[in-house]
Amino acid sequence: MQLPQRVVVGAFVVPALLASVGVAVRPAPAVPPGRLVFAVRASEVMLAGTAFSAGERQEVVDAVRTLTAAHRITDAITPDAGQHLPVSPAAAASLLAAVLDHDVTDFTGVVHKGHLTASARVADPERAGSLSDALRSAAPGLRVDEDFTTTG
């Protein structure tokens with residue numbers, strides 16, 4: 001993962017996740033327009049970004065909600081008529097389905113300008129390769145850069 005991408009993940013995703021569980025004292029900063037951030041932490045899925053409208057935001061949330069009843073969905077997508085999300089609700093759900101289907105419980109993905117930056121903890125190199133292939137298949141129009149850490 002390149003330094004600017006790590007900065008985006010560290011500057012926006014971590015504070016947003018901490019704020020969503022009540023750890024941070026102040027609200028998380030807004031995700032810059034044109035990005036969609038999704039994170040899986042154990043039994044929670046966090047969505048952050050700026051949608052063109054409340055309808056677009058709801059479409060993404062609904063698409064993700066249909067994937068799992070076992071995960072709490074935390075929605076931090078804000079409507080702003082300035083810019084659409086960088087992927088369709090179906091593509092966002094497809095990417096998240098690839099993560100959930102591989103039983104990954106620690107994942108962060110940032111979609112921006114045709115690019116997915118993915119970071120995850122996986123059990124072994126075989127699962128890392130399988131997740132990598134699944135992410136590329138889930139959204140064939142995105143360039144995928146990953147930074148996977150194996151735990152086993």
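## Exercises on a predicted model

Asp 106 is partly exposed, with a relative accessible area of 25%. The structure is a predicted model, and the exercises below begin with this residue.

**Exercise 1.** Determine which residue forms a salt bridge with Asp 106, and which strands the pair ties together.

*Solution.* Step 1: the partner is Arg 121, and the closest N and O atoms of the two residues are 3.5 Å apart. Step 2: Asp 106 belongs to strand S4 and Arg 121 to strand S5, so the salt bridge ties together parts that are 15 residues apart in sequence. Step 3: Arg 121, at a relative accessible area of 45%, is partly exposed. Step 4: a network of salt bridges links Arg 41, Asp 106 and Arg 121.

**Exercise 2.** Establish whether Arg 57 is buried or exposed, and identify its salt-bridge partner.

*Solution.* Step 1: the relative accessible area of Arg 57 is 18%. Because buried means under 20%, Arg 57 is buried. Step 2: Arg 57 forms a salt bridge with Asp 75, with 2.3 Å between the closest N and O atoms. Step 3: this pair links distant parts of the chain, since Arg 57 is in helix H2 and Asp 75 in strand S3, 18 residues apart. Step 4: Asp 75 has a relative accessibility of 31% and counts as partly exposed.

**Exercise 3.** Check the length of helix H4 against the expected span, and describe where its buried residues lie.

*Solution.* Step 1: helix H4 comprises 14 residues, 125-138, which at 1.5 Å a residue should span 20 Å. The C-alpha atoms at its ends are 20 Å apart, in agreement with that expectation. Step 2: the buried residues of H4 are Ala 128, Leu 131, Ser 132, Ala 134, Leu 135 and Ala 138. Step 3: seen down the axis of H4, they fall within an arc of 165°, so they line one face of the helix. Step 4: on the other side of H4, Pro 125, Glu 126, Asp 133 and Ser 137 are exposed. Step 5: the cover over the buried residues of H4 includes helix H3 and strands S4, S5 and S6.

**Exercise 4.** State how H4 is linked to strand S6 by a salt bridge, and which polar contact His 115 makes.

*Solution.* Step 1: Arg 136 in H4 and Glu 146 in S6 are 10 residues apart. Their closest N and O atoms are 2.9 Å apart in a salt bridge. Step 2: His 115 is located in strand S5 and, at 10% relative accessibility, counts as buried. Step 3: the side chain of His 115 is joined to that of Asp 145 by a polar contact of 2.6 Å.

Key: Residues are numbered from 1 along each chain as its sequence is written. This is a predicted model: local features need pLDDT of at least 70, side-chain atom pairs count only at pLDDT 80 or more; totals for chains, interfaces and linings use all residues. Side-chain values use heavy atoms; hydrogens and water are left out. Helices (H or I, at least four residues) and strands (E, at least two) are DSSP runs, numbered from the N terminus. The expected span of a helix is 1.5 Å times one less than its number of residues. Buried means under 20% relative accessible area, exposed over 50%, partly exposed in between (1.4 Å probe, protein chains only). The arc is that of the directions from the helix axis to the C-beta atoms. Contact means heavy atoms within 4.5 Å. A polar contact is a pair of N or O atoms within 3.5 Å; within protein, one must be able to donate a hydrogen and the other to accept it, and residues adjacent in sequence count only if both atoms are side-chain atoms. A salt bridge is a side-chain nitrogen of Lys or Arg within 4 Å of a carboxyl oxygen of Asp or Glu.
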